[in-house]
Amino acid sequence: MKRRILVLTSSTGSGHDMRARAFAQWIRQEYEDQVAVKIEQVIENSSWLGRFGVWIYNTIQQQAPVLHNIYFHIVELFIFTHKGKVSFGGRYYRNLLEEFQPDTILSVHDSTNRGYFEDAKRLLGQDVRCVTYCGEFSGGYGFSRNWICKAADLFIARTHPTRNFAVHLGLSQEQTAVFHKFLPPASFEERSNDLENVRFLEQLGLDPKKFTVFLATGGYGANHHLDFLRAMLPLADRVQAIVICGRNQRIFEKVSQWAAKNNQLTTYVEGYSDQVASFMQISDAIVTRGGANTTMEALHFGCPLLYNSLGGLMPQERCTVRYFLERGAASMINKSGDLTRILAEWATFGDTYKRIKANLDDLHYEEDPQELLNLILGEIRKDQSLPESTAC
């Protein structure tokens, strides 16, 4: 029978679930006949307290990100109660293990390592493979200590600085690896050339000669789109905007109405979009929060980053923002007027913009997604039978 992999995630923000879905897509593409994947949003599914905590997280992210500098520490202490086993929601999780009998557990969330791996090895035996994929770009403030579980068979970091920080926190070098492009198959397939980009811009009603700014948002719609569109108005002869609004219907309606009244700024508006990869490839810059997944896609497609810190940065966002700012590969928006100032310079495609883009390109390197699958699965191949010890 198929090898079974349980993916532990939670909908705090959208990045963790995106990586879980990306993994499932790769498995379906490469190992459909050999591996079965179950994605479990275990925090919210296991208890009312978990559901409430996830709701609080996403509400704060939308309304007042700076408050996460308090909430972050509350969650850190809360998950520390999972010492040796899962306490809150533990019964649900242990029943899940008994029913699904996974051969491998992949955690893509900081709060689903500590206790979860110990429970798995105690109930299923030491042979169950426990792997963490950490999407943070750097260690330091904002990096959850709950990413670190010594019962892990492997900790996969997105970058070498993150790997070094994990070792600093107690993992052995042998327990760690690095792979930074945890993206879905479509991201590797949707590379477009210059002619295709021009055609797509024209299809959206945009001008290929103007500097195109992509105002992005997370799946839950956290944004400052109207502030940024107003900041772009003085530059309407040189810049244009692509705007996505996530699942926030209210802001979609407001942005659409604003764009209709201020049509001197060429603007394309969409709600929840499945064209993010395409938008990044036709854009000259992206304005985004410090989300690790959106940042990774921007790095993959070479789209220079403007980080939105209005309302304050979340601790987790600082791990991403710090990595790129320290390497001169992004710029920061502390108030909406900063966007006007930055774009006035960038829109000329002069030395400042070229330097940012070159520094971003220096951080990018090509990877084979099969290497990530090998790390998680333990070096199985499509032409290789599964070891008897992992077959069921």
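In this predicted model, Thr 9 touches a wide range of partners beyond residues up to four places away in sequence: His 16, Asp 17, Ala 20, Ile 39, Glu 40, Gln 41, Val 42, Ile 43, Val 108, His 109 and Thr 112. Thr 9 belongs to strand S1. Its relative accessibility is 0%, and because buried means under 20%, Thr 9 counts as buried. One of its neighbours deserves a second look: the side chains of Thr 9 and Asp 17 make a polar contact at 2.8 Å.

From Thr 9 it is a short step to the sheet that holds its strand. Strand S1 covers residues 3-9 and pairs with S2 in the parallel sense, over 7 bridges. Within this pair, Ile 5 stands opposite Val 37 of S2. Helix H5 (residues 90-100) lies across S1, S2 and strand S3 (104-107), and runs at about 160° to S1. Helix H6 (residues 116-124) packs on the sheet as well, touching S1, S3 and strand S4 (129-134), with a direction that makes about 165° with that of S4.

Seen as a whole, this open sheet is formed by 6 strands with parallel pairing, and a reader can trace them in the order S2-S1-S3-S4-S5-S6. The edges are taken by strand S2 (35-41) and strand S6 (176-178); each has a single partner strand, so one side of each is left without a neighbour in the sheet. From one strand to the next, the twist averages 20°.

There is another open sheet to explore, again formed by 6 strands with parallel pairing, this time in the order S9-S8-S7-S10-S11-S12. Here strand S9 (267-270) and S12 stand at the edges, and each has a single partner strand, so one side of each lacks a neighbour in the sheet. Neighbouring strands are turned by 20° against each other on average, direction ignored.

A closer view of this sheet shows strand S10 (residues 285-288) running parallel to S11, joined to it by 3 bridges. Thr 288 has Tyr 307 in S11 as its bridge partner. Helices accompany these strands too. Helix H11 (residues 249-261) lies across S8 and S9, at about 160° to S9. Helix H15 (residues 336-346) packs on the sheet and touches strand S7 (211-215), S10, S11 and S12; the direction of H15 makes about 150° with that of S12.

The nonpolar cores come next. The largest has 34 residues, and those with the most contacts inside it are Leu 204, Phe 214, Ile 242, Phe 279, Ile 286, Leu 305 and Phe 324. Two or more residues each are given to this core by helix H9 (194-203), strand S8 (239-244), helix H12 (276-282), helix H13 (292-301), strand S11 (305-308), helix H14 (315-326) and strand S12 (330-333). Phe 214 makes a good example to follow in the structure: leaving aside neighbours within four places in sequence, Phe 214 is in contact with Ile 242, Ile 244, Val 276, Phe 279, Met 280, Ser 283, Ala 285, Ile 286 and Val 287. A second, separate core has 32 residues, including Ala 231, Ala 236, Ala 347 and Ile 356.

Finally, a word on confidence. The protein chain averages a pLDDT of 89, and 95% of the residues score at least 70. Over residues 381-392, however, the pLDDT is below 50; in the model this stretch has 16 contacts beyond near neighbours in sequence.

Definitions and conventions: Residues numbered from 1 in each chain as written. Predicted model: local features only at pLDDT ≥ 70, side-chain atom pairs only at ≥ 80, totals over all residues. Heavy atoms only, no water. Pairing = 2+ DSSP bridges. Helix = DSSP H or I, 4+ residues; strand = E, 2+ residues; numbered from the N terminus. Axes fitted to C-alpha atoms, helices over the stretch in contact; angles between N-to-C directions. Contact = heavy atoms within 4.5 Å. pLDDT = per-residue confidence, 0-100. Core = buried A, V, L, I, M, F, W, Y, C linked by side-chain atoms within 4.5 Å. Buried < 20%, exposed > 50% of the residue type's maximum accessible area, 1.4 Å probe, protein only. Polar contact = N/O pair within 3.5 Å; in protein donor to acceptor, adjacent residues only side chain to side chain.
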